[in-house]
2 protein chains.
Amino acid sequence: MSNKSTNIEELGEFGLIDHLTKKFSIQQKSTLLGIGDDAAVIELSHDEVQLVSTDMLVEGIHFNLMYMPLKHLGYKAVAVNVSDICAMNGIPEQITVSIGVSSKFPVEALEELYEGIHAACENYKIDLIGGDTTASFSGLIISITAIGRGKKDQITYRSGAKEYDLLCVTGDLGGAYMGLQVLEREKEVFKANPNIQPDLDGHDYIIEKQLKPEARLDFIQYLKELEIVPTSMIDVSDGLASEILHICKASKVGCHIYDEKLPIDAKTSMTAIDFNLDPTTCALNGGEDYELLFTIDQKDFDKIKGNPHVSFIGHMTNEQDGKYFIDKSGSAITLKAQGWNHFDEQ
Amino acid sequence: MSNKSTNIEELGEFGLIDHLTKKFSIQQKSTLLGIGDDAAVIELSHDEVQLVSTDMLVEGIHFNLMYMPLKHLGYKAVAVNVSDICAMNGIPEQITVSIGVSSKFPVEALEELYEGIHAACENYKIDLIGGDTTASFSGLIISITAIGRGKKDQITYRSGAKEYDLLCVTGDLGGAYMGLQVLEREKEVFKANPNIQPDLDGHDYIIEKQLKPEARLDFIQYLKELEIVPTSMIDVSDGLASEILHICKASKVGCHIYDEKLPIDAKTSMTAIDFNLDPTTCALNGGEDYELLFTIDQKDFDKIKGNPHVSFIGHMTNEQDGKYFIDKSGSAITLKAQGWNHFDEQ
C-alpha cells in the first residue's frame with residue numbers, strides 16, 4: 001500500500017469503475033459479458049440469456065426530496081433499471097430493491113416509495129423478488145438490481161454498430177433536463193419565500209419527463225413485431241452525446257449526427273429559450289431522457305421509417321473519419337460529451 | 001395519504017420488509033420464490049434454478065472503518081452474500097457491487113476495498129459482472145447482489161423441516177460476536193489514549209471470525225459429495241436463536257435444542273468469561289458467524305455423523321410442542337431471539 005492519495009474526480013465515474021475492476025477476470029463459463037455494457041449477460045441455455053443491471057441512487061446526488069414525490073421516486077428508480085434491460089433488447093422479469101434509510105423516516109413515507117415501486121412493477125410486469133432494508137445515517141439510498149431475459153442472437157450490445165448503419169433515437173430529447181431546471185428554479189423561489197406557490201403551469205410535459213420517466217419497453221416489443229434487431233443499442237441516461245460516444249468507442253466506428261434531425265419537443269425548446277439555454281445543447285447533453293439510442297442496418301430502414309416514435313439522427317462512419325456533429329449551417333464540429341460526473345458536485 | 005407517522009422501530013427490520021411488500025404479487029412464471037428466504041429462486045430450465053440474494057452494508061451501522069481494514073471489508077461484503085446462496089444449497093457464480101462513497105475518499109482506499117472483493121471472487125470462483133459507483137454525502141455504502149445456481153430438487157428452503165428431523169450447525173458459534181467485543185474495547189482504549197497499542201494478542205481466531213468470515217461453500221460441496229440434501233437450511237447471520245425460529249416459523253414445526261450440544265470454541269468461551277458474558281448467550285444470539293444451520297432427515301444421519309464440521313444441536317418437534325432450549329440442568333426454556341435491529345441503534 002502506497003501513501004499516494006488520488007482524488008476520485010481525477011478518474012471520473014467511468015474511469016473509476018474501469019480502474020477498480022481491471023484486475024478481475026471471468027471464471028464462470030455462464031458469464032458471457034461482465035462489466036462494460038448496460039447490463040451483464042449470463043448464459044441460460046443454448047439460445048437464451050439473462051441480463052443483469054444494477055444502479056444506486058443517493059439522496060442529494062440523484063434526487064432531491066424537496067420536489068421529488070416519494071411515489072415518483074420509487075417509480076423512477078425501477079424505470080431506470082428496466083431501461084438498462086431494454087437497452088440490451090431484453091424483457092425485464094425481476095428486480096431486487098435495497099433501501100438505506102434513517103430511522104427518522106416515517107413508515108408512511110416508505111409506503112409511498114413502495115407504492116411507486118409497486119406501480120412500476122405492475123406496469124412493466126416485473127416481480128420484486130428480494131431486498132434489504134437497513135438504517136442509514138443520512139438520507140435515503142436506493143439500490144436496485146434488474147434481471148431480464150432475451151434470445152442470445154437478439155441481444156444488442158454497444159459494440160455492434162457498423163459503418164453505414166443508421167443512428168436512431170426514440171421519443172424526444174432534453175425534456176427531462178429542462179424539467180429539472182424548472183423544478184430547481186421553483187425550489188429557489190420557494191426557499192426565498194415559502195408562501196409563494198410554485199409556478200409549474202405549462203411545464204407538465206417536461207416535469208413528468210424528469211419525475212416519472214418511462215423505460216421504453218413498449219419500443220422493445222415493437223422492434224420484435226417489426227423483426228428488427230438493432231446492430232447496437234444503449235439508453236440515454238447521461239446525455240445523447242455521451243451515449244453516442246460510448247457506441248462509437250465500443251463499436252470502433254465514427255459518426256455524423258445532424259442538428260436539424262434531433263427530436264426536440266416544442267415545450268422543451270420553448271423552456272430552454274426562456275432559460276437562455278440552447279435547445280440543441282440540452283438535447284445533446286441533458287441526460288435522464290431514458291430514450292433508446294440504437295443503430296440499424298440500412299436494409300431494415302424500410303420496415304421502420306414510418307414509425308412516429310423514431311428519429312433518424314445520423315449514420316455511422318469509419319472510425320478514422322471521426323465523430324462529428326453537423327450544425328444547421330452545415331459545419332462539422334467534433335462531438336464531445338459534457339457528461340455528468342456526480343463526484344464533481346460535492 | 002394519511003398524516004399518521006409510524007416509527008420504523010415499531011415494525012423492526014423483518015416486519016418492515018413484510019409490511020412494505022405485502023401488496024406485491026408474482027407476475028412472471030419464471031419467478032418460483034420471491035421475498036422471504038435467504039435468496040429468491042428463478043426457474044432456468046425444467047431441472048435448474050437460479051438464486052438471487054442482495055444485501056446493503058452501511059458504514060457506522062454494519063461496519064466501522066476504525067478497526068475494519070478496507071480489504072477485509074471488501075472480502076466480508078462478498079462472503080456474506082455468497083453465504084446466502086450457500087444457505088439455499090446453491091453454487092454462487094456472479095455478483096454485482098454498487099458503491100456509494102464520498103469524493104473525499106482517496107482512490108487508493110477504494111483500491112484496497114476492491115482488492116478484498118477480488119480476493120473473495122477468486123476464492124469463491126465468482127465473477128464480478130456489474131456495478132455502479134456513485135457519490136455519497138456521508139460514509140461508505142456497499143450494495144451487493146449475488147447470483148447462484150442449483151438443481152431444482154436440491155434447493156433448501158427454510159420451510160422444509162419436518163418433525164423428528166435433526167438440527168445441525170457447521171463450525172462453531174459466538175466467535176464473530178466476541179471478536180467484535182474485543183475490537184470495540186480496543187477502540188475505546190485507543191480513543192482514550194491514541195498512544196496505547198491495541199491489545200489483540202491471543203484473539204486472532206475470534207477477530208478473524210469477525211473481520212474475515214468465510215461463507216461455507218466448502219460445506220455445500222461436501223453435502224453434494226455425501227449426497228445429502230438438507231430438508232431446510234439458513235445461514236447464521238443474525239444469531240442462532242433467531243435463525244432457528246425462522247426455520248420453525250417457515251416449516252411450521254417446533255424444536256428442542258440443547259445447551260450442552262452448542263459448538264463453542266474454547267477461545268470464544270474464554271473471552272466471553274473475561275467480558276463477564278455467558279458463552280451460551282453469545283452462541284445463541286451473537287450473529288455474524290455465517291455458519292450454516294440446517295435440518296436433515298434421520299435416515300441421513302449415518303452419512304454425516306462422523307463429520308468434524310457438523311454439530312447436532314437438537315431436533316424438530318410438532319409445532320404444538322413449542323420451541324425449547326434445554327439448559328445444562330435439563331430445564332426447558334422457551335427459545336427467544338435477541339435479534340439485531342439496526343434501526344434501534346441510531
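# A tour of the two-chain model

Start with helix α8 of chain A: its face turned away from the buried side carries the exposed residues A:Ala266 and A:Ile273. Bear in mind as you click around that this is a predicted model.

**Stop 1: the rest of α8(A)**

Keep α8 of chain A selected, residues 266-274, and add A:Thr268, A:Ser269, A:Thr271 and A:Ala272, which are buried. Look down the helix axis: these four residues sit on the same side of α8(A), because they cover an arc of only 165° around that axis. What do the buried residues pack against? Show α4 (175-192), α5 (204-211) and α9 (279-285) of chain A, and you have the partners. Then step off the end of the helix to A:Asn276, which follows α8(A) and has a positive phi, near 60°.

**Stop 2: the matching helix in chain B**

Hop over to α8 of chain B, again residues 266-274, where B:Thr268, B:Ser269, B:Thr271 and B:Ala272 are buried. Their arc around the axis is only 165°, so they lie on the same side of α8(B). Flip to the other side of α8(B) and you find B:Ala266 and B:Ile273, both exposed. The cover over the buried residues of this helix includes α4 (175-192), α5 (204-211) and α9 of chain B. After α8(B) comes B:Asn276, with a positive phi near 60°.

**Stop 3: the two chains together**

Zoom out and colour by chain. Rotating by 180°, with 0.0 Å of shift along the axis, superposes chain A on chain B at an RMSD of 0.0 Å. That is the relation of a two-fold axis. The same surface serves both copies, since 100% of the contact residues of chain A recur in chain B.

Now select the contact itself: 74 residues from chain A and 74 residues from chain B take part. On the chain A side, the elements that each supply at least two residues are α1 (8-21), β2 (40-43), β3 (48-58), β4 (91-101), α3 (107-124), β5 (127-135) and β6 (141-151). Which element gives the most to this side? Pick β5(A), with nine residues. Colour the chain A side by class and you get 30 nonpolar, 31 polar and 13 charged residues.

**Stop 4: the domains of chain A**

Hide chain B for a moment. The domain assignment splits chain A into domain 1 (26-154) and domain 2 (158-345). Taken over C-alpha atoms, the centres of these domains of chain A are 22 Å apart. Where they meet, 20 residues of domain 1 of chain A are in contact with 22 residues of domain 2 of chain A. Select α2 of chain A, residues 70-86: this helix gives the most to the domain 1 side of that contact, with nine residues. By class, the domain 1 side divides into twelve nonpolar, four polar and four charged residues.

**Stop 5: into the core**

Bring chain B back. The largest nonpolar core has 201 residues, and A:Val78, A:Val82, B:Val78 and B:Val82 touch the most other members. Centre on A:Val82. Not counting residues up to four places away in sequence, A:Val82 touches A:Pro92, A:Tyr124, A:Ile126, A:Ala146, A:Ala215 and A:Leu217.

**Stop 6: two loops with positive phi**

As background, most residues other than glycine have a negative phi. For one that doesn't, select A:Asn89, with a positive phi of about 70°. A:Asn89 is in the loop between α2 and β4 of chain A. Buried or exposed? A:Asn89 counts as buried because it has 24 C-beta neighbours inside 10 Å.

Next, go to A:Glu227, in the loop between α6 (217-226) and β8 (232-235) of chain A. Its phi is also positive, near 55°. This residue is exposed, with 9 other C-beta atoms within 10 Å.

**Stop 7: a buried glutamate**

Finish in chain B at B:Glu291, in the loop between α9 (279-285) and β10 (292-296). With 28 C-beta neighbours inside 10 Å, B:Glu291 counts as buried. Draw a C-alpha to C-alpha distance to B:Arg216: 6.5 Å in space, although the two are 75 residues apart in sequence. Leaving aside neighbours within four places in sequence, the contacts of B:Glu291 are B:Val169, B:Thr170, B:Gly171, B:Leu173, B:Arg216 and B:Val236.

Notes: Residues numbered from 1 in each chain as written. Chains lettered and ligands numbered in written order. Predicted model: local features only at pLDDT ≥ 70, side-chain atom pairs only at ≥ 80, totals over all residues. Least-squares fit on C-alpha atoms with pLDDT ≥ 70 in both. Contact = placed C-beta atoms within 7 Å. Nonpolar A, V, L, I, M, F, W, Y, C, P; charged D, E, K, R; others polar. Core = buried A, V, L, I, M, F, W, Y, C linked by C-beta atoms within 7 Å. Buried ≥ 20, exposed ≤ 12 C-beta atoms within 10 Å, placed from the backbone. Arc of directions from axis to C-beta. Domains from an automatic or database assignment.
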